[in-house]
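Colleague: Got a minute to go through this one with me? I'd like to talk about rings and one of the helices.
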Amino acid sequence: MSERTSNYLKGASILVAAGILSRLLGLFFKIPLYQMVGSYGNGIYGNVTSIYNLLLMVSTVGFPVAISKMVSESIAQNEYATAHRVFKLSILILTVLGTLSSLFLFFGAEWIIETANWTAESYPALVAIALAPLFIAFVSAFRGFFQGFQIMTPTAVSQILEQIVRVFLGVLLCWVFVGQFGIGLGVGGAVFGATAGGLVAAIFLAYLYYNFATKNKRLLKTRTKKRQRSNRALLKRLVIISIPVTLTSALVAMFSTVDSFIYVSRLAVAGIDEVTATMMFGDFTNAEILITIPLIISGNLAVAMIPAISESFAMRDRKAMNQKIVLAIRVILLVAFPSCIGLSVLSYGIFDLLFPGSPYGGFILCTFSYATIFMMLSNTFQSILQSIDRFRIPLINLGVAIIIRFITGWIFLSIPFFNIQGIVISSMITFIYLTAANYASVKRYTHIKVDFIHTALKPLVAAIVMGIAVFFVYKGIAALLGGFMGIIISVSIGVFIYSFVLVLIKGITADEISVLPGSRTLLRFFHWLERLVPGRKKKADQTSITDQERKQTHASY
């Protein structure tokens, strides 16, 4: 494995670790929030964050991707001055977009509530979160700059810092306001944590950027070409890249926005009142945050993937590019299969533990978790296409997907038998289509060769065996020691069984593990498992002798 690929994986691992910690902090936020405001207040929170996330995608997603891509391309050509100019232009544009989004949330709050048929208690939360898009615009610009240099630590640390402020301030304000002013203002206090977190992250990244620019002042003035691209040409390139990416991300965010705008009226057709519908949607958002934990892998892998693959694409190194692509798919599937099956079999236990009294959450998570695999794959294939300058293809595919999402959601939500599960069915259909469409395009333009049996079938078999074992272990342990110990022990046993079956059927090799983040620990675990397989002890002992040689061959983590 090349050093560049190893660096790419190291960057991805940093973001994944930070993303998981950030998501766990977010889960910690949702648990006390649910205890204070219940399913109804959680539904209000879901209403507000759906429109907020859409505006965030429109104003902040496309340009960071464009920044990281153009910066990495310029660095590959030793055009550091151009890379720096790209950042300066971008931060000006993002400031304008963030300001417009914030103004829309603040002055358009009443119109949004009336159009979507939301409860009037959603108003304080919309106002409280109004300034967040402006602060996150600055955050996105700085993150794009550092990611272009394939320096992922600032992004990772700022994510954690942003979440810490959001969680602790949001929980505190919610607790104070709920007791004195009611659920509406309580949720408003909770979402204000996102605004404060964005501000703190922006200040932190601005400080890191200032230090970086000061220490590398000479480097950032380096030019290798006599004829420099004008600011107008750079701006045009930024727009060409960012608009399709922005629209693509906006369409993804629109899935949740479409759901939030139609669920009240469509569930009413099924005979469900506004309060119950809001409670159902609140439980759905809790299930959604749980399935986004494995989605962190694909999301942050995509962030690291774009500059890394773009660099190989710019250098016309097809072998290195395809190597990174296949490895990304392999890592995604190794995580996706056990994640979706594990969440499904433990769904009721997880909800009983985290959100006790939730009337609909366990059943929603049981079925919704299986959409995770398609979400992760479609996101990965979409990022690959963006990395090789095929920006319009994901946009076209998502354009079709949003139509599928609206039609299927409109139909299934109104059927009494399905009710809120209509969103789950709609999600599954939509992401299956996106996975198939995006993969077909990746295959067409990169000609990658994926070993289906090794890459997909073996991890799936191991995950199924794991799921069966986890189901029965949880039932037994929970009956004896309670739900908390049931979750902890069954998950631990599940990790062991999944890993052991993978080793048993040769679903993963030492060479593959040696280029993954944390390879030293993983290799020791791998060789220990191999010794448990009859007939492999001798081979495992021989292989362990060459561990040090392999680690010297590949990049160390």
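Modeller: Sure. Let's fix what a ring pair is: rings of Phe, Tyr and Trp, the last by its six-membered ring, pair if their centres lie within 6.5 Å. Keep in mind that this is a predicted model.

Colleague: Fine. How many aromatic pairs does a search of the whole structure find?
Modeller: The search turns up 24 aromatic pairs.

Colleague: Give me one. How do the rings of Phe104 and Trp111 sit, edge-to-face or stacked?
Modeller: Edge-to-face, because their planes are at 65°, and planes over 60 degrees apart count that way. The ring centres are 6.4 Å apart.

Colleague: And is Trp111 buried or exposed?
Modeller: Trp111 counts as exposed, at 52% relative accessibility. Phe104 is partly exposed, at 33%.

Colleague: What about Phe281 and Phe284, what kind of pair are they?
Modeller: Stacked, since the planes are at 25°, and the cut-off for stacking is under 30 degrees. Their centres are 6.0 Å apart.

Colleague: Where do those two sit along the chain?
Modeller: In helix 10, residues 274–314. Phe281 and Phe284 are three residues apart there, so about one helical turn separates them.

Colleague: Buried or exposed, that Phe281?
Modeller: Buried, with a relative accessible area of 3%. Phe284 is buried too, at 1%.

Colleague: Which residues do ring pairs link into a cluster?
Modeller: Phe87, Phe142, Phe145, Phe146, Tyr209 and Phe212.

Colleague: And which ring does the charged end of Arg266 sit over?
Modeller: That of Trp410, with the charged end 3.9 Å from the ring centre.

Colleague: OK, switching to helix 18. How many residues does it have?
Modeller: Helix 18 has 22, running over residues 483–504. From first C-alpha to last it reaches 31 Å, close to the 32 Å expected at 1.5 Å a residue.

Colleague: Which residues in helix 18 are buried?
Modeller: Among them are Gly486, Ile487, Ser490, Gly494 and Tyr498. Just after the helix, Lys506 takes a positive phi of about 55°.

Colleague: Then there's the nonpolar patch on the surface. Which residues form it?
Modeller: Leu353, Leu480, Leu481, Phe484, Met485 and Ile488, with about 590 Å² of accessible area together.

Colleague: Which helix gives the largest share of that patch?
Modeller: Helix 18, with three residues. Helix 17, residues 452–481, also supplies at least two.

Colleague: Last one: why does Ile488 count as partly exposed?
Modeller: Because its relative accessibility is 40%, and partly exposed runs between 20% and 50%. Ile488 lies in helix 18.

Notes
Residues are numbered from 1 along each chain as its sequence is written. This is a predicted model: local features need pLDDT of at least 70, side-chain atom pairs count only at pLDDT 80 or more; totals for chains, interfaces and linings use all residues. Side-chain values use heavy atoms; hydrogens and water are left out. Helices (H or I, at least four residues) and strands (E, at least two) are DSSP runs, numbered from the N terminus. The expected span of a helix is 1.5 Å times one less than its number of residues. Buried means under 20% relative accessible area, exposed over 50%, partly exposed in between (1.4 Å probe, protein chains only). Patches are made of residues with over 30% relative accessible area and no salt bridge: like charges are joined within 9 Å, nonpolar side chains (Val, Leu, Ile, Met, Phe, Trp, Tyr) within 5 Å. Accessible areas come from the Shrake-Rupley method with a 1.4 Å probe; for residues, only the protein chains shown count as cover. A salt bridge is a side-chain nitrogen of Lys or Arg within 4 Å of a carboxyl oxygen of Asp or Glu. A charge sits over a ring if NZ of Lys or CZ of Arg is within 6 Å of the ring centre and within 35 degrees of the ring normal.
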